[in-house]
Amino acid sequence: MSDFLNFVLSYLGRAMIIAVFALIPGVCLLLAAAKGHRRRHGPDVPFPWARWVLILLLTGYLAVVMFVTVRQGGFYSGRCNFHLFRAWREAWNSFSERQWLNVLLNIAMFVPLGILVPLIWPKFQKWYLMLPAGFGVSLSIEIAQLLTGSGLFDVDDLFNNTLGAMMGFWPLMAVLSLPKRKWGRCLRHTLALASAAAAICSIFVVYDRQEYGNLSSAPVFRVYTGDVQWTVSCPLSDEAHTVDIYKTKPWTRAECEAFGRKFLGNLGARQVDVTVYNDEVYLREFQGARILEVFYQDGHYSYADLDMSREFVQVEEEILREALLEFGIQIPEEAQFSCPDGQTHYFRVDRYPEGESLLDGTVAVQYEEGQGIRTIENSLVTVTYHAKEPIISPEDAVQQLTEGHLANGDWFERSKPQRIEIRSCALSYQVDTKGFYQPVYLVELLDPATGNVLLEAVPALT
């Protein structure tokens, strides 16, 4: 079990403890109400224990939900997501534990609501009443998150929460139909539950059966670009062709952790805190500012010294090559060097032969005057040939962008550019979620009004 899932469970455990303590006064009130009922109605009129115990459970459940979802002093003030299924697409693209937990836990969190509410108030034993009830509770939470800044106002949460309430409602109604021998109603609710569960499970089946993985850089929603004037200042071919696909060697958790400890140890870090996710190992210098993320897919990593001014300067190539040796990174002489923005330096290696394998990727470095290297993004990986596959043409890749399939969709919606210039379109490679080195078109976009330059990665496989 990853540290991230452990964190989620421990956080939920703390919420449960708070709910238990919050229920103690409720139990006292319940006992007092039962005693008052006996005095008022006599011993011949039984106190409705079952209903009031369920109300008490509902109260504790809602206390847990509010503790988990709504907290004052968050960092999401005014932020909203109105793109339905964005969270599902992000989880599909990255296929990481964190992203899928975000989706699935939002469903599971509302299952108790779909069980408790119909049991307490039988009028909600109708789907057309339970559905808006689940939606209404979720909407209240989203509004509270928006007002407190503790979370996004997210239409995906509305959908997932409502689905969760119905996934609690359907099996409950199927069970309640059995004593009354309402076989048709039992079958309908069972089929509804089975259909929803099958739809979710099919996502993982499809992913398991497909040969190649997904690209985390793929778009997650479509942007309206009807008001954008597109100009092309680079040649674009309309010919599709085939390219080689490569396979990387995935790293184990032990390999990532051992590499990270050695990397930071060589820099003088004596103690390191380690957090493990299902796609990376995160290491931080104890009582220090240096951090390292090592990814399972192929061992690429990201390093940063957080004790920096962020006033980065441009330096000579040879100075950087020498400085990188202190981090154990030797750049091949054939690497292409560039520093387009005057702050981030790039060493690009294009399938450089290393025995029977190839070295491919980029090392991006930022340098602070008087302090040396402060950040490193090392995506140099060793790859081996896997297969030859057809890809779309550069013209088709640009056409996808003009139709709104953009990874930088948030920026487009926020900035609303009137004109975009396409400055270059080059074939490159990115590692996917199954460790394959997939072809992508890197398209450089310029907003002439602001001077902002964006780099879009368009998946190239047909």
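**Getting to know the predicted model**

Colleague: Which residue's side chain meets that of Arg351 in a salt bridge?
Modeller: Look for a side-chain nitrogen of Lys or Arg within 4 Å of a carboxyl oxygen of Asp or Glu, which is what a salt bridge means here. For Arg351 the N to O distance is 3.2 Å, and the residue it meets is Asp350.

Colleague: What kind of model is this?
Modeller: Residues are numbered from 1 along each chain as its sequence is written, and side-chain values use heavy atoms, with hydrogens and water left out. Local features need pLDDT of at least 70, side-chain atom pairs count only at pLDDT 80 or more, and totals for chains, interfaces and linings use all residues, since the model is a predicted one.

Colleague: How many helices and strands does the protein chain have?
Modeller: Both are DSSP runs numbered from the N terminus: helices are H or I with at least four residues, strands E with at least two. The C-alpha atoms of the chain fill a box of roughly 95 × 55 × 45 Å along the principal axes. Its secondary structure comes to 12 helices and 16 strands.

Colleague: What share of the residues in the protein chain is buried?
Modeller: Buried means under 20% relative accessible area, exposed over 50%, and partly exposed in between (1.4 Å probe, protein chains only). The chain has 462 residues, and the buried share is 45%.

Colleague: Is Arg351 buried or partly exposed?
Modeller: Arg351 lies in strand 10, residues 344–354. Its relative accessibility is 29%, while its partner Asp350 is at 45% and counts as partly exposed. With 29% falling between the two cut-offs, Arg351 is partly exposed.

Colleague: Which residues are linked with Arg351 in a network of salt bridges?
Modeller: A search of the whole structure finds 15 salt bridges. Arg351 belongs to a network of them, and the other residues in that network are Arg348, Asp350 and Asp360.

Colleague: What is the phi of Arg351?
Modeller: Most residues other than glycine have a negative phi. Arg351 is not a glycine, yet its phi is positive, at about 50°.

Colleague: What is the phi of Arg181?
Modeller: Arg181 sits in the loop between helix 7 (155–177) and helix 8 (183–209). This arginine is exposed, with a relative accessible area of 65%. Arg181 is not a glycine either, and its positive phi is about 55°.

Colleague: How many residues apart are Arg98 and Asp279?
Modeller: Arg98 forms a salt bridge with Asp279, with the closest N and O atoms 3.6 Å apart. The pair links distant parts of the chain, from helix 4 to the loop between strand 5 (272–276) and strand 6 (280–285), and the separation is 181 residues.

Colleague: Which residues in helix 4 are buried?
Modeller: Helix 4 covers residues 97–108 and reaches 15 Å from its first C-alpha to its last, close to the expected 16 Å. That expected span is 1.5 Å times one less than the number of residues. Arg98 is partly exposed, because its relative accessibility is 29%. The buried residues are Glu97, Trp100, Leu101, Val103, Asn106 and Ile107.

Colleague: Is Lys249 buried or exposed?
Modeller: Lys249 meets Glu255 in a salt bridge at 3.6 Å, N to O. Glu255 counts as partly exposed at 34% relative accessibility. Lys249 has a relative accessible area of 53%, so it is exposed.

Colleague: Which element gives the most to the nonpolar patch?
Modeller: Patches are made of residues with over 30% relative accessible area and no salt bridge; nonpolar side chains (Val, Leu, Ile, Met, Phe, Trp, Tyr) are joined within 5 Å and like charges within 9 Å. Here Val27, Leu31, Trp49, Val53 and Leu57 form a nonpolar patch with about 430 Å² of accessible area together (Shrake-Rupley method, 1.4 Å probe, only the protein chains shown counting as cover for residues). The elements giving two or more residues are helix 1 and helix 2 (49–69). The most, 3 residues, comes from helix 2.

Colleague: How far apart in space are Arg38 and Ser195, C-alpha to C-alpha?
Modeller: Arg38 lies in helix 1, residues 3–41. With a relative accessible area of 55%, Arg38 is exposed. In sequence Arg38 and Ser195 are 157 residues apart, and in space the distance is 47 Å.
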